[in-house]
Number of protein chains: 2
Amino acid sequence: MNNPTVRKKRMSGSKVLNDFDLNHFFPYRLRVLDRAVSEAISSVYTSRFGLSVSQWRTLAVLGDGGVMSASEIVQKSSMDKVVVSRAIKGLQNRDFLKRKTDINDRRRVVLKLTAKGKRMFDNLVPLVKQLEEECLRGLTRAERATLDSLMERIRANTDVVLQ
Amino acid sequence: MNNPTVRKKRMSGSKVLNDFDLNHFFPYRLRVLDRAVSEAISSVYTSRFGLSVSQWRTLAVLGDGGVMSASEIVQKSSMDKVVVSRAIKGLQNRDFLKRKTDINDRRRVVLKLTAKGKRMFDNLVPLVKQLEEECLRGLTRAERATLDSLMERIRANTDVVLQ
DNA sequence: TAAAATTAGTTGCAAATGAAACTATGTCAA
DNA sequence: TTGACATAGTTTCATTTGCAACTAATTTTA
């Protein structure tokens, strides 16, 4: 990836130049990959079914008959609560889910996919998994496991960076 | 990562459920990691130097003594030309770069860091590389190379997915 | 060479985002 | 109890984003 030490280039004279190449900078490469994969996958539910990324994710978390509140979706999806709130509103407008105020805690709103929402989910899952597979095509099972583990180790490191 | 075949869960009765877990869905994991790393790195130039991500990248591409047009920056950074145009405007407002219309092709505007811009670049590069290193901490040289290669293979696959 | 097509870069606009403030409800401590 | 704090979720607002349309300059074509 990149040499830990800060490399410098010494010029013919005395000036020292920082040797920085954006294309070998991990955070940049990661974002480029994320954009590419995200674009490849989201095309299905965006153009063919008119769902936003956050709506798809909300649908995915509610999955099969899952009954949960908005804040549980926030927790499971790592999305912002505003984003989740609006995704729910959008899904409700299209009758993909129904809301019911929790009787025991009237601040909570419990969510559940409707039959229509479940059908959308059932249609979408195989398509989305197919595209995921196309992104990972050519990677062996072992390579996928390695990637998974490397990514998780880096993610854990970021917890430390951010105190 | 995820089994290529679409797995289904057979329930006690006869219903078949899609077995979908967002947390083991590669595009989702990738976005979570990107957010985490991006947050960890951008904190330096955002909060300490008031640069946006696109401004930092523009600075990084221009680097030491680089002289190029906006469209070359677009090409080297994979950013949208609108984003680059606005990043340039912001950097120019703070006297980090100067623009000069190309005499041979007066549509082109040639860009170059000022002394002040170069100082910012020189300050930033070691800090940013340090944070990159913290994200990758614990990964051996070989593991970094593996990660790099796996990421590039996936990125190349997305070209195919998008035709 | 005049019209058409291309290229560089900017601006307008509409959608997505998320921090902060807000409403409503619930819990805890004195 | 009741006043202070906590939690669930929504709304407001300011910022970021990027497509599309634009201006300006250049190149190609007929």
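Let me start with a definition: Ala, Val, Leu, Ile, Met, Phe, Trp, Tyr, Cys and Pro count as nonpolar, Asp, Glu, Lys and Arg as charged, and the others, Gly among them, as polar. This is a predicted model, where local features need pLDDT of at least 70 and side-chain atom pairs count only at pLDDT 80 or more, while totals for chains, interfaces and linings use all residues. Residues are numbered from 1 along each chain as its sequence is written, and chains are lettered from A and ligands numbered from 1 in the order in which they are written.

Now, the DNA. Around strand C there are 19 residues, and the closest are Arg106(A), Ser69(B), Ala70(B), Ser71(B) and Ser85(B); near means a C-beta atom, placed from the backbone, within 6 Å of the strand. By class, this surface has seven nonpolar, five polar and seven charged residues. Helix 4 of chain B gives the largest share, four residues; helices here are DSSP runs (H or I, at least four residues), numbered from the N terminus.

Next, a little loop. Where is Ser78(A)? Ser78(A) sits in the loop between helix 3 (70–77) and helix 4 of chain A, and its phi is near 60 degrees, a positive value in a residue other than glycine. Most residues other than glycine have a negative phi. In chain B, Ser78(B) lies in the loop between helix 3 and helix 4, with phi near 55 degrees, also positive.

Finally, Val37(A). Leaving aside neighbours within four places in sequence, Val37(A) is in contact (C-beta atoms, placed from the backbone, within 7 Å) with Cys135(A), Pro27(B), Leu30(B), Ile154(B) and Thr158(B).

Technical notes. Helices (H or I, at least four residues) and strands (E, at least two) are DSSP runs, numbered from the N terminus. Two residues are in contact if their C-beta atoms, placed from the backbone, lie within 7 Å.
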